[in-house]
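Me: I've got a structure open and some of the wording puzzles me. Can we go through it together?

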Amino acid sequence: MSKEKKIKGRISTRYLFRFFSFLLFIFPTANYPAQTNTIIPHPRVLTFKEGHFTLDRSTSLYRNSGDSLHAITYLQSHLRQASGFTLSIRQVPEERQIRFLHTDTPIYTKEGYILIVSDKNIIVKAHDSAGFFYGTITLMQMMDAQIWSTNKNKNVWHIPSCYIKDAPHYPWRGMMLDVSRNFFSVAYVKKFIDRMAQYKLNRFHWHLTDDEGWRIEIRHYPLLTKIGARRGPGTKLPFSTSPAMRGSKNQVQSGYYTQPQIREIIAYAKAREIEVIPEIDLPGHAKAAVTAYPKLLLDPEDTSRYRSVQKIANNTINPALESTYIFLDNVIGEVAALFPFRYIHLGGDEVPKGAWSNSPAVKELMRHKGLKTRKGVENYFFTRMDRILKKHGKKLAGWQEVIGGRSKIRRSSLIMAWKNPKAGYRAIRQGYPTVMAPVQYLYFDQQYLRSKKEPGHTWSTPVSLKKVYSFTPPGSARGIQACLWSETLLNTKIADYLAWPRTLALSEVAWSPKEKKNWHDFRRRVKQQALPRLKAQQIHYRGY
Ligand code: TNX
């Protein structure tokens with residue numbers, strides 16, 4: 001090539017460079033692809049505008065009320081982890097700022113928010129603490145996935161200009177974690193809660209007691225955890241009862257949460273706008289409790305021998321003994337003092353056939369109260385338990401069984417329907433606030449698809465991501481909830497795998513209006529937005 005041509009070449013490269021720089025100058029978004037929505041759950045109203053906001057260490061924060069504190073703290077701490085800097089809070093509005101502005105009326109409903117991003121500033125408007133938090137979560141979903149990492153190496157963030165107005169469809173957007181069958185550490189429970197918050201879920205149902213373990217410290221009754229939280233060789237709780245007590249055969253499995261740890265977890269959840277609902281499963285599913293305190297909870301003359309559906313022998317508290325109610329009053333007293341949320345879940349599911357059938361105390365109770373059936377005895381038990389809860393200033397939550405037969409519990413009791421959607425419709429018709437948790441759609445302990453290679457339960461139908469997404473709860477339900485029972489959850493990897501990405505579908509069904517549901521678009525958003533974030537947090541999700 002001649003010298004002349006080389007020079008010409010260099011000139012034209014330089015010219016081209018200048019030309020493109022000029023283009024970038026007049027169209028600052030030219031180096032960004034056209035914006036598409038990647039937010040999960042899909043917001044009610046969303047429009048993208050030209051331009052973007054650049055967030056870096058010089059960006060400041062401003063708030064005109066106290067109810068944006070959770071949101072601000074959350075954003076600040078993630079930026080600190082991902083970038084190493086802390087955004088400062090200023091007393092006056094200025095440019096290049098994220099402003100949290102309180103509104104006098106709710107945005108649509110409770111928990112709603114408006115988010116406006118422009119190249120000059122970001123405005124989050126809300127009427128309550130949850131609204132600010134969710135506005136901030138949406139903002140963080142529009143930032144690079146590195147916002148969820150902890151490696152302090154991203155310093156500049158671009159957020160597309162937009163206008164978003166949003167609020168949840170259902171007030172109850174829950175997940176249940178069973179920590180009885182297999183125990184999970186405080187650290188994992190916190191992770192579980194934080195991940196829920198990232199997708200605007202707001203009720204953590206903590207299944208704290210069951211046959212295989214009592215996991216909450218009760219000061220009145222130390223044996224509940226001393227005996228009831230340990231199983232395996234040399235302990236009083238057998239290890240081998242099939243099929244629920246799986247695990248490595250030679251090791252004692254133990255674990256429970258102390259009251260300070262429980263307080264810590266509740267505060268951690270509260271900072272993420274999540275209420276914690278504890279479950280003490282009664283009167284069935286109580287092998288751990290009756291093993292720890294047989295004298296208080298079992299009729300010594302009861303010769304009935306029976307097994308639960310999970311094949312656990314003689315696992316049911318006797319409802320005809322006064323000592324049962326004294327015991328439960330003391331337990332509920334401590335639980336009520338620990339958990340600020342208005343509901344305490346008392347289970348009520350799967351009382352085994354044959355329980356109490358030979359208990360003289362129960363026979364006497366039936367005669368005395370004119371109870372004809374075992375269901376009648378269960379109802380008597382729950383009516384008394386409801387009164388105890390009332391005394392401690394709490395409301396009852398229970399599985400659908402608590403309203404079988406002629407129940408006298410308060411109408412304000414919260415019913416969780418798990419056997420099928422129909423059970424939920426029935427509870428709604430009877431006037432109870434109802435949470436839909438049907439196994440066919442929302443049991444995340446079930447396999448995704450039928451295969452020997454897939455972890456999870458097989459007793460119901462498989463629950464694929466698409467199946468979760470297809471669930472259409474009635475508008476009149478209080479909300480929906482997924483359940484992660486832990487019989488097969490031998491480690492946190494399995495727990496992660498079963499929960500993700502299904503939790504994303506749960507989030508959208510619980511939050512977004514039906515008209516916004518679109519399976520193909522959802523899948524695209526899962527791929528573009530969610531999976532990189534799960535990866536950044538090392539969540540062991542199931543690919544698809
Ligand atoms: C049924 S759902 C149960 C649980 C099991 C679960 C396993 C409900 C209220 N009871 O005890 O862990 O199935 O999928």
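Reply: Sure, let's take the labels one at a time, keeping in mind that this is a predicted model.

Me: Okay, why is Thr-316 called buried?

Reply: Its relative accessible area is 1%. Buried means under 20%, so Thr-316 earns the label.

Me: Where does Thr-316 sit along the chain?

Reply: In the loop between helix H8 (294–297) and helix H9 (322–338).

Me: And what does Thr-316 touch?

Reply: Leaving out residues up to four places away in sequence, Thr-316 touches Pro-283, Gly-284, Val-290, Leu-298, Tyr-306, Val-351, Pro-352, Ala-355 and Trp-356.

Me: What makes the pairing of Thr-316 with Asn-315 a polar contact?

Reply: The two side chains come to 2.8 Å. The cut-off is a pair of N or O atoms within 3.5 Å, and neighbours in sequence count only if both atoms are side-chain atoms. This pair is side chain to side chain, so it counts.

Me: Now the ligand. How do you know that Arg-181 makes a polar contact with it?

Reply: An N or O atom in the Arg-181 side chain is 2.7 Å from a ligand oxygen, and the limit is 3.5 Å, so that fits. Trp-459 has a polar side-chain atom 2.8 Å from a ligand oxygen, and for Gln-310 the value is 3.3 Å. On its own the ligand exposes 370 Å², and the protein buries 99% of that.

Me: Which residues are closest to the ligand?

Reply: Of the 14 around it, the closest are Arg-181, Tyr-443, Asp-445, Trp-459 and Glu-487. By class, the shell has five nonpolar, four polar and five charged residues.

Key:
Residues are numbered from 1 along each chain as its sequence is written. This is a predicted model: local features need pLDDT of at least 70, side-chain atom pairs count only at pLDDT 80 or more; totals for chains, interfaces and linings use all residues. Side-chain values use heavy atoms; hydrogens and water are left out. Helices (H or I, at least four residues) and strands (E, at least two) are DSSP runs, numbered from the N terminus. Buried means under 20% relative accessible area, exposed over 50%, partly exposed in between (1.4 Å probe, protein chains only). A polar contact is a pair of N or O atoms within 3.5 Å; within protein, one must be able to donate a hydrogen and the other to accept it, and residues adjacent in sequence count only if both atoms are side-chain atoms. Contact means heavy atoms within 4.5 Å. A residue is near a molecule or strand if one of its heavy atoms lies within 4 Å of it. Accessible areas come from the Shrake-Rupley method with a 1.4 Å probe; for residues, only the protein chains shown count as cover. Ala, Val, Leu, Ile, Met, Phe, Trp, Tyr, Cys and Pro count as nonpolar, Asp, Glu, Lys and Arg as charged, and the others, Gly among them, as polar.
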